[in-house]
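I opened the model to look up helices, burial and backbone angles. My entries follow the structure.

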Amino acid sequence: MCRMQLPFWLTLDFMFGLFTLQIALFSVFPLYFTTLDGPLRKVSYYLYIALVLLIGGFFGNVYSLPINDHINVSGGNLCYGAFMMSSVLFVWVERDLFILRHLVRLVIFVDLFNVLFSTLVTYSLRHPGIINPHNTPAALFDISTPFIILGGFLIILELLTLLFFFDKVKRWPLSPSLTMIVYVASFITILCIDGIVFPLLAFGFSSSIIDIVFGGLEGKVLTASCFSIPLLLFAVFKRQSFISYLESSDFKWPVLLKTSQQLMADMQEKEYGLEKAATIYNNSNQGLAFVDKNGKLLQANPAFHHKLNLFSPKALHNLKVNTLFRFQGEPLSKSELLTDRWKNEVSYGRQFAHQGIMSVSKVTSEISNEETFVISLVNIDAQKQAREKLNHLALHDQLTGLPNRRVLDEQLAQVQYSDAGLLVVDLDHFKDINDSYGHGAGDTILTAVSERLSSIHNQFPDIIATLCRTGGDEFAILVNTKDEQIITKLIHHIQDVLKKVIVFGEQTEVFISATIGASTQSSNEARDLLQEADAALYEAKRTLRGSFGLYEERLTIETIRKLTLSAKLKIALKQGEIEVYYQPQYTPDTHDLLGVEALARWHDNELGWVSPGEFIPVAEETGLIEALGDYVLEQACLDGAQWIKEGYRPIKLSVNVSAYQLRFGQFMNALGNALKVSQFPSRHLQLELTESAYIEREEEVLPLLNHIKQLGVGLAIDDFGTGYSSLSYLSRMPWDTLKIDRSFITDIPNDIEQCKLTSTIISMAQDLGLSIVVEGVETKQQLDFMAKRQCQLIQGYYYSPPIPAAQLRTRLTKESGHL
């Protein structure tokens with residue numbers, strides 16, 4: 001009789017079916033074990049994993065399943081995959097490092113049993129008295145021994161590596177789904193690595209072995225992929241257990257290396273820790289309680305009893321804990337209390353008068369799977385009171401008790417698109433009070449002013465919405481009207497009240513005035529009232545202190561213009577776009593060109609030529625004047641040095657120095673650097689200072705001027721006579737030159753009084769041994785007048801306007817120093 005042979009494709013389908021059934025058989029039990037509880041689950045896993053190891057050790061290489069021409073799966077691969085899959089599920093469901101410790105021991109014990117059993121069987125099969133009906137060769141078991149040892153070592157190493165990687169990945173910021181994908185990929189990778197490493201170590205690295213190993217890699221990938229399916233099923237159907245594993249704390253891996261004696265010592269230490277925890281629980285000021293899934297109180301520490309007044313046993317019987325608290329003014333619901341994690345501010349106690357932070361955490365028993373909720377309660381009454389005080393301090397001025405700028409900003413935001421007005425009140429010369437009488441006196445004045453403004457607020461509660469101190473000597477009043485007549489009357493009333501004398505100390509009387517700026521808006525507008533009122537205030541201050549100003553649109557245009565100039569000037573300085581022009585200075589009799597004044601000029605691509613009278617004040621207000629002055633000084637010195645190098649006769653080079661440059665304290669460094677970089681002779685350099693640079697600052701400025709003189713640099717008084725107290729400083733400062741401002745000569749020789757005054761200034765300067773430079777000479781008559789009085793140098797449009805350095809060089813060349 002002939003045995004019927006199946007077609008090849010039917011054989012392949014049959015083999016794949018066998019493969020699938022074995023995968024299912026190996027998987028169903030570990031998945032079932034995840035549904036068990038407590039010790040039964042652990043025992044089931046240990047027995048099953050031990051059985052898989054035994055099967056794999058003896059029968060793993062007995063057969064192979066040829067899935068197709070390229071894929072061949074051995075029984076050993078199936079057993080190894082089943083072991084790794086079961087171990088991973090076991091660790092995931094138990095979340096206990098000791099499980100992994102026991103698994104390592106189990107592998108060692110089973111491998112030891114397999115080795116001993118293999119040795120015993122080998123000895124038995126070689127004994128002549130043994131009945132061996134199947135002629136099983138002893139060498140089969142003899143060869144298995146090293147493979148068992150190698151396999152056991154690799155199993156332990158790979159299992160530890162995989163679970164160590166799992167432990168690290170669960171701390172990555174990934175969703176559970178993405179984490180599971182990473183786990184599956186790493187599981188497949190480890191199993192495939194074993195399929196490569198084991199045969200190479202067992203049989204060597206010959207080319208034939210390598211071909212066999214990598215040729216059979218598809219079977220390893222298929223097996224590993226199939227055994228990852230139970231892991232995916234666990235993550236889907238036991239999602240909460242999988243998430244609990246991801247949320248569990250990291251394994252303490254050094255435990256694997258500890259002996260049992262060391263672990264016992266650790267357990268004793270933990271018992272001591274539990275005793276300590278019990279002591280803390282009973283003596284903690286923090287209320288702690290345990291609640292069951294129905295919201296009933298199970299246990300609470302003394303602090304919880306005290307905070308909630310739970311001293312009667314009857315009060316604890318069937319007590320619903322959520323009834324003891326209120327959240328956001330409403331009774332705390334049971335659903336809010338019994339959540340996985342909940343933390344919020346609650347009120348509790350008699351009439352719910354106390355405030356606290358309550359935290360709720362759900363704990364699930366590993367043995368009974370029963371849910372318990374842990375409540376902690378911390379009293380925050382003191383913190384709430386402190387917060388209220390801090391909030392008050394954050395919203396009110398500490399000295400006057402008035403609302404501060406933050407409140408004003410909030411109020412201004414609320415009156416958008418409403419009829420409203422804002423008054424900004426600034427005390428005049430308040431700095432003088434602080435400087436003369438001290439800051440204590442200044443505080444007294446501010447307190448008195450705030451009281452007077454508060455009384456006005458009380459007089460006009462329907463008009464005044466908010467009174468604030470916005471800082472320093474400035475107050476703000478928000479009004480509920482846009483009527484300029486009402487606002488003007490209110491301003492006059494405020495100024496009248498503030499003008500009354502204030503007495504402090506030992507009958508010291510102080511009179512205070514205030515400058516006020518105001519702005520209004522209609523109900524269809526959302527204006528920046530504070531910015532506009534400030535603009536009106538500063539305009540009024542420039543005009544007359546003690547006055548008031550109402551906002552006009554031109555003030556915003558001027559402010560925007562200043563901001564634009566400030567931004568562009570900063571860029572121009574960085575990019576070297578500021579030019580230095582020079583206005584020649586001639587002798588009035590021989591018309592020799594003996595000096596020049598360096599002047600900053602600025603041309604912007606968008607704005608065109610910007611007047612120095614516009615951009616220099618902006619530079620002073622924005623702090624750019626120091627950089628501007630340093631730039632002009634250095635560039636002028638470089639140009640002067642270049643002229644000398646080119647063979648021109650040395651001329652006196654005058655450069656303006658702002659009072660702000662001297663005040664910042666870095667001017668001497670800038671001067672020294674300019675002279676050093678340019679190598680310009682200091683004897684040919686002259687610095688021009690206006691009266692504002694030294695008036696009332698003699699002790700500070702005089703040493704600085706003497707230092708400048710020691711460098712050989714000359715000093716000139718610029719715009720003499722345009723300020724005040726000029727004569728008292730004329731003889732005390734180390735001047736070399738006096739420059740007469742053009743305002744003194746505009747009507748010469750027609751104005752007799754002007755002629756007399758100018759003649760007097762010239763005569764006084766000559767008596768003091770100062771050389772004289774006259775600015776603004778534009779006519780022949782003015783020139784003759786100055787020449788007759790023996791002025792040294794003449795500067796003005798009669799000779800030349802300010803010109804670029806290139807034109808000055810041309811003039812020096814053409815005139816050879818003469819007109």
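I began with the covered side of α24. Its buried residues are F667, M668, A670, L671, A674, L675 and S678. They sit on the same side of α24, because they cover an arc of only 165° around the axis. I take the arc from the directions between the helix axis and the C-beta atoms. Buried here means under 20% relative accessible area, exposed means over 50%, and partly exposed lies in between (1.4 Å probe, protein chains only). On the other side of α24, N669 and K676 are exposed.

A note on the source: this is a predicted model, where local features need pLDDT of at least 70, side-chain atom pairs count only at pLDDT 80 or more, and totals for chains, interfaces and linings use all residues. Residues are numbered from 1 along each chain as its sequence is written, and side-chain values use heavy atoms, with hydrogens and water left out.

Next I checked the length of α24. The helix covers residues 667–678, which makes 12 residues. Its end C-alpha atoms are 16 Å apart, in agreement with the 16 Å it should span at 1.5 Å a residue. The expected span is 1.5 Å times one less than the number of residues. Helices (H or I, at least four residues) and strands (E, at least two) are DSSP runs, numbered from the N terminus. Just after α24, Q679 has a positive phi of about 60°.

I then turned to α3, residues 75–94. It has 20 residues and reaches 28 Å from first C-alpha to last, close to the expected 28 Å. How many of the residues of α3 are buried? I found 20 of 20, so I log α3 as mostly covered. R95, just after α3, takes a positive phi of about 55°.

Helix α22 came next, residues 625–645. Its 21 residues reach 30 Å between the first and last C-alpha, close to the 30 Å expected. Its buried residues include I625, E626, L628, D639 and W643. G647 follows just after α22 with a positive phi of about 100°.

I looked up two residues of α6, which runs over residues 176–203. T179 lies in α6. Is T179 buried or exposed? It counts as buried, at 2% relative accessibility. T179 touches V169, L174 and L246, leaving out residues up to four places away in sequence. Contact means heavy atoms within 4.5 Å.

L178 is in α6 too. It is partly exposed, with a relative accessible area of 44%. L178 belongs to a nonpolar surface patch with F165, W172, L174 and I181. Together they have about 450 Å² of accessible area.

Last, I went through the loops. H429 sits in the loop between β10 (420–427) and α16 (430–437). Its phi is near 55°, a positive value in a residue other than glycine. H429 is partly exposed at 46% relative accessible area. Q790 lies in the loop between α28 (780–788) and β25 (793–795). Its phi is near 60°, also positive and also not in a glycine. Q790 counts as exposed, at 59% relative accessibility.

Which residues does the cis peptide bond join? I found I748 and P749, with omega about 10°. P749 is in the loop between β23 (737–740) and α27 (752–767).

Key
Patches are made of residues with over 30% relative accessible area and no salt bridge: like charges are joined within 9 Å, nonpolar side chains (Val, Leu, Ile, Met, Phe, Trp, Tyr) within 5 Å. Accessible areas come from the Shrake-Rupley method with a 1.4 Å probe; for residues, only the protein chains shown count as cover. A salt bridge is a side-chain nitrogen of Lys or Arg within 4 Å of a carboxyl oxygen of Asp or Glu.
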